[in-house]
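Student: Got a minute to go through this one with me? I'd like to start with the aromatic rings.

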Amino acid sequence: MIELNIVEASWSMDASGSWLKLRPELPGQAQMVAGEFDPQKKYTVTIKEFRKKRSLDANRYLWTLCNKLSIKVGIPPEEVYRHYIPDVGDNSDTICIPDAAVKRFRAGWENNGLGWCTEIMASKIPGCTNVICYYGSSTYDTKQMARLIDLVVEDCKQQGIETLTPEELDRMALEWRQDEKGNESDKDT
């Protein structure tokens, strides 16, 4: 799979059909991608908005809090972490699956990583079950990671667990939000 960041797109039409033209962020990527194409094969292209991934500092802080909360409430830190995933928002897809395949599908999905969890709910379609598939924090952008940490911080405070000072949390949140704004301005270029 080839992945690259696109900074501009346009289209044109000629006698052979419509053409989608994409300008990659880094020089030389267009030639590299074109060189990989086999004219005898068909390809699928997916285009999605660029989002900066959450920082490793944020991930470290999250796991520090999950471990402290784990000790306080007496459950494994992995369970503490998974408890918050459904509350993050904008991190799931719901799929209608035949009842006979639900167990296998859920096991496969949850095998993607610790935060990749599922919930089931009834479907209006006979013989099917709706499965809510949550993505783990490894896929989160800075805004989603900030929401996850905010949830954990709130519970830590309720349990009397020391967290970063309000000033430090504000600084970290400001950095995350600046990252998000940087991503938004990147869209305009």
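Tutor: Sure. This is a predicted model. Phe105, Trp109, Trp116 and Tyr135 make up one aromatic cluster.

Student: How many aromatic pairs does the structure hold?

Tutor: The count is 6 aromatic pairs. Take Trp63 and Tyr81: their ring centres are 4.9 Å apart and their planes meet at 35 degrees, so the pair is tilted.

Student: Why tilted at 35 degrees?

Tutor: Because planes under 30 degrees apart count as stacked and those over 60 as edge-to-face, with the rest called tilted. The angle between Trp63 and Tyr81 is 35 degrees, so this pair is tilted.

Student: Which parts of the chain does the pair of Trp63 and Tyr81 tie together?

Tutor: Trp63 sits in helix H2 (residues 56-73) and Tyr81 in helix H3 (residues 77-84), so the pair ties together parts 18 residues apart in sequence.

Student: Is Tyr81 buried or exposed?

Tutor: Tyr81 is buried, at 3% relative accessibility. Trp63 is partly exposed, at 23%. The cut-off for buried is under 20%.

Student: Back to the cluster. What is the geometry of Trp109 and Tyr135?

Tutor: Trp109 and Tyr135 pair edge-to-face, with 5.1 Å between centres and 70 degrees between planes. Trp109 belongs to helix H4 (residues 102-110). Tyr135 is in the loop between strand S5 (128-134) and helix H5 (142-158). The two residues are 26 apart, and their pair links distant parts of the chain.

Student: And what about burial for Trp109?

Tutor: Trp109 is buried, with a relative accessible area of 13%. Tyr135 is partly exposed at 25%.

Student: Switching to the fold. In what order do the elements run?

Tutor: From the N terminus: β-β-α-α-α-β-α-β-β-α-α. That is 6 helices and 5 strands.

Student: What share of the long-range contacts really spans the sequence?

Tutor: Of contacts between residues at least 6 apart, 62% join residues at least 24 apart.

Student: How about surface and burial overall?

Tutor: The accessible surface is about 13100 Å², and carbon and sulfur atoms account for 53% of that. Buried residues are 29% of the 189 in the chain.

Student: Where is confidence lowest?

Tutor: In helix H6 (residues 166-187), with a mean pLDDT of 61. Strand S5 is highest, at 98. Over the whole chain the mean is 86, and 85% of residues reach 70 or more.

Student: Which residues stay under 50?

Tutor: Residues 184-189. The model has 2 contacts for them beyond four places in sequence.

Notes
Residues numbered from 1 in each chain as written. Predicted model: local features only at pLDDT ≥ 70, side-chain atom pairs only at ≥ 80, totals over all residues. Heavy atoms only, no water. Helix = DSSP H or I, 4+ residues; strand = E, 2+ residues; numbered from the N terminus. Buried < 20%, exposed > 50% of the residue type's maximum accessible area, 1.4 Å probe, protein only. Contact = heavy atoms within 4.5 Å. Areas by Shrake-Rupley, 256 points an atom, 1.4 Å probe, with all protein chains shown as cover. Phe/Tyr/Trp six-rings, centres within 6.5 Å; stacked < 30°, edge-to-face > 60°. pLDDT = per-residue confidence, 0-100.
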